[in-house]
Structures are given as C-alpha cells and as structure tokens.
Amino acid sequence: MNYIIFDLEWNNAYSYAKKGFMNEIIEIGAVKLNNKLETVDTFKQLIMPKLTKKLSGRCKNLTNITNEELKENGIPFSQAIKEFARWSKGENNLFMTWSNSDLYVLTSNYQAFLGNLNIDFITKYCDAQKYCMSFIERDNKNQISLSDCAQEFGIDIDVEKLHRALTDCYLTAECFKKVYDEGKLSGFVNDCDNRFFEKLIYKPYLITKPVTDVFNVYEQELICPVCKGALHRVDEFDCVNKSFRCPTKCKKCRKTFWTTVRAKKTYDKVEVFQRSIEMNRKKAKRIKKD
Ligand SMILES: [Zn+2]
C-alpha cells in the first residue's frame with residue numbers, strides 16, 4: 001500500500017454560476033509514502049483560478065501565494081488534476097488529508113469546473129485527522145489542529161525549512177507514522193465510489209411541504225411524551241419555522257399538546273424528530289370546545 005497525503009490551498013471567491021461564494025483550489029501539494037512509510041516522492045502544482053484573478057487578502061496571508069506566482073506557474077484545474085492523477089497512479093493507494101474539508105473542496109471543484117464527480121483516481125480515502133484523534137484521549141471532542149496534534153505526538157520538525165505547499169503534508173505524514181497501526185487503520189478507510197463523493201457534498205435540508213415523494217407528515221406516528229401511547233391529531237398541521245405543528249391529544253392521559261414534527265432530508269434518508277409540549281389550560285379548553 002502507498003499513502004498519498006495531499007493538501008489543497010484555496011481562495012474564497014464569488015461564483016456567478018453558483019450564485020454564492022465557493023472555495024476555488026489554487027494549489028495541490030502531496031507526498032507519497034511507500035509501504036514502509038518512507039517518503040518516496042512529492043508533488044506540487046499551482047492552479048490558475050477561474051473565478052477571480054485576484055487572491056483575497058486572507059488567502060494571501062494563509063498561503064503566501066502571490067498573484068504573480070499564480071500568473072507565472074498556474075495551470076488550469078482540469079490539467080492540474082490530470083497531472084496529480086498521473087503522479088499518484090498506482091493499484092493500491094490510500095489517499096489521506098488532514099480533516100475531510102480538503103476532500104470536500106476537491107469534490108465541489110470537480111462539480112463546479114468539470115461538471116462531474118468522476119474522481120476515479122481516488123479509490124480509497126482516510127481522514128488522517130479522524131484517525132490520529134482516535135489515539136488521543138481528551139474530554140474535548142472538537143477537532144484538533146494539525147500543529148496541536150504534532151505537538152501532542154511529540155513531533156518536532158522545523159516547518160520553516162519545509163516547502164510551503166508541502167508543510168502540512170509532511171506534518172500529517174509524521175503524525176500518521178507516529179500512530180501507524182495497520183489493523184486499526186482499516187476501520188478508517190472509505191471506499192470511494194460516486195455515491196461517496198455525492199454524499200460528501202450533499203446539503204441536507206428541512207422539508208417544508210407536508211407531503212413529498214419521500215415524506216408524509218400525516219403518516220408519522222405521534223407519541224405521547226407522558227405515557228408513550230398514541231397521540232391523536234385534533235387539527236391540521238401548520239408549517240411553522242420549517243417544521244410542522246398541530247394540536248394533539250392523548251386519550252389515556254387526558255392531556256392536550258402542541259406536537260411539532262421536523263423532517264430533515266439527508267443524502268440517503270429522512271430524519272424525523274418530534275416533540276410534544278403540553279398546552280396551557282386556557283388554550284386546551286378552547287381546543288376541547290372545537
Ligand atoms: Zn399519554
């Protein structure tokens with residue numbers, strides 16, 4: 001197995017096609033480790049952005065990439081991807097990045113600039129951050145930064161001496177080597193087919209129509225929060241704040257509730273949440289009369 005650890009630099013720019021801001025990749029950096037975890041090759045390529053010729057101040061500060069450099073050495077995204085795919089070519093490659101945000105940005109750039117998600121050179125992926133974090137015991141469940149992780153693992157390398165584009169790749173590689181465990185690693189490896197990438201960039205949303213192809217609010221079992229028995233609807237559902245609300249009654253408890261149902265469409269399912277709060281007496285009385 002070879003390990004391809006890559007890192008992207010991007011610039012946040014407005015896309016007229018997407019009618020919103022997106023992160024446009026301006027550099028790919030990668031290091032290749034062989035099965036003995038030795039660094040055998042490196043890759044770096046600047047990419048000429050399409051959305052804007054000017055880098056944002058934040059991007060310039062973060063990456064130290066200048067507009068002049070991009071002009072001189074940047075190539076189109078499609079070409080850079082071809083080069084990267086050719087460089088990383090191999091039967092048994094595991095691609096890794098520090099947190100999956102690089103993979104997310106790569107996927108959304110494919111979609112925006114190539115119009116597809118055929119990232120077929122990446123067949124296996126592991127989030128190095130997730131993997132490394134599994135070796136660190138701490139109460140804080142927040143994601144750990146790469147430099148904090150390196151410190152935690154007692155890694156001391158002079159980042160000043162490393163090539164800018166590859167600094168994070170080298171650091172990630174060092175962290176990975178420190179905690180390399182073949183058996184444990186297999187639990188963090190994802191097979192990357194089209195669905196994997198589709199799911200990655202899918203944006204979940206709250207359903208606001210009571211009946212759709214994938215959801216029907218009237219078919220939801222409404223449950224009494226007190227006795228866990230069935231609640232009966234006393235009126236129509238109203239859509240309030242992207243959720244559905246209606247007055248309900250529990251015959252057993254003789255209580256009246258406001259029941260709220262919220263439906264979230266994710267890539268492959270609909271997650272339904274419900275909550276019932278007892279109504280105040282005045283309001284409940286009015287409902288009874290009706
Ligand atoms: Zn009840």
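Accessible areas are computed here with the Shrake-Rupley method and a 1.4 Å probe, and for residues only the protein chains shown count as cover. The model is predicted, so local features are used at pLDDT of at least 70 and side-chain atom pairs only at pLDDT 80 or more, while totals for chains, interfaces and linings use all residues. Residues are numbered from 1 along each chain as its sequence is written, and side-chain values use heavy atoms, with hydrogens and water left out.

**Exercise 1. Describe the overall form and surface of the protein.**

Step 1. Begin with the secondary structure: the protein has ten helices and twelve strands, where helices (H or I, at least four residues) and strands (E, at least two) are DSSP runs numbered from the N terminus.

Step 2. Turn to the dimensions. The C-alpha trace spans about 80 × 45 × 35 Å along its principal axes, and the radius of gyration of the protein is 26 Å, against a value near 19 Å for a compact globule of 290 residues. This radius is taken over C-alpha atoms, and the globule rule is 2.2 Å times the number of residues to the power 0.38.

Step 3. Consider the surface. The exposed area of the protein is about 17200 Å², of which carbon and sulfur atoms supply 46%. Buried residues make up 41% of the 290 residues; buried means under 20% relative accessible area, exposed means over 50%, and partly exposed is in between (1.4 Å probe, protein chains only).

Step 4. Finish with the contacts, defined as heavy atoms within 4.5 Å. Among contacts with a separation of 6 or more, 61% join residues 24 or more positions apart.

**Exercise 2. Account for the charged side chains, and place the salt bridges in the fold.**

Step 1. Count the charges: there are 48 positive and 38 negative side chains, and the centres of the two sets lie 13 Å apart. Lys and Arg count as positive and Asp and Glu as negative, without His or the chain ends, and each charge is placed at NZ of Lys, CZ of Arg, CG of Asp or CD of Glu.

Step 2. Search for pairs. The whole structure holds seven salt bridges, each being a side-chain nitrogen of Lys or Arg within 4 Å of a carboxyl oxygen of Asp or Glu.

Step 3. Examine a pair that links two strands. Asp191 and Lys124 form a salt bridge with an N to O distance of 3.0 Å. Because Asp191 belongs to strand β6 (residues 189-191) and Lys124 to strand β5 (residues 124-127), the pair ties together parts that are 67 residues apart in sequence. Asp191 is exposed, at 54% relative accessible area, whereas Lys124 is partly exposed at 28%.

Step 4. Set beside this a pair within one helix. Lys177 and Glu174 form a salt bridge whose closest N and O atoms are 3.3 Å apart, and both residues lie in helix α7 (residues 167-178), three residues apart, or about one turn of the helix. Lys177 is partly exposed at 28%, and Glu174 is partly exposed at 27%.

Step 5. Add a further pair and a network. Glu271 and Lys269 form a salt bridge with their closest N and O atoms 3.9 Å apart; Glu271 is partly exposed at 26%, and Lys269 is partly exposed at 47%. Arg195, Lys199 and Asp268 are joined into one network by salt bridges that share partners.

**Exercise 3. Locate two residues with positive phi, and describe their setting.**

Step 1. Recall the background: most residues other than glycine have a negative phi.

Step 2. Take Lys19, whose phi is near 50°. Lys19 sits in the loop between β1 (2-15) and β2 (20-33) and is exposed, with a relative accessible area of 68%.

Step 3. Take Asn241, whose phi is also near 50°. Asn241 sits in the loop between β9 (238-240) and β10 (243-250) and is exposed at 66% relative accessibility.

**Exercise 4. Which residues do Thr172 and Glu198 touch?**

Step 1. Thr172 lies in helix α7 and is buried, at 2% relative accessibility. Leaving out residues up to four places away in sequence, Thr172 touches Ile5, Trp98, Ala128 and Leu146.

Step 2. Glu198 lies in helix α9 (residues 194-201) and is partly exposed, at 33%. Apart from neighbours within four places in sequence, Glu198 is in contact with Leu117 and Tyr267.

Step 3. As a distance check, the C-alpha atoms of Glu198 and Met96 are separated by 18 Å, with their positions 102 residues apart along the chain.
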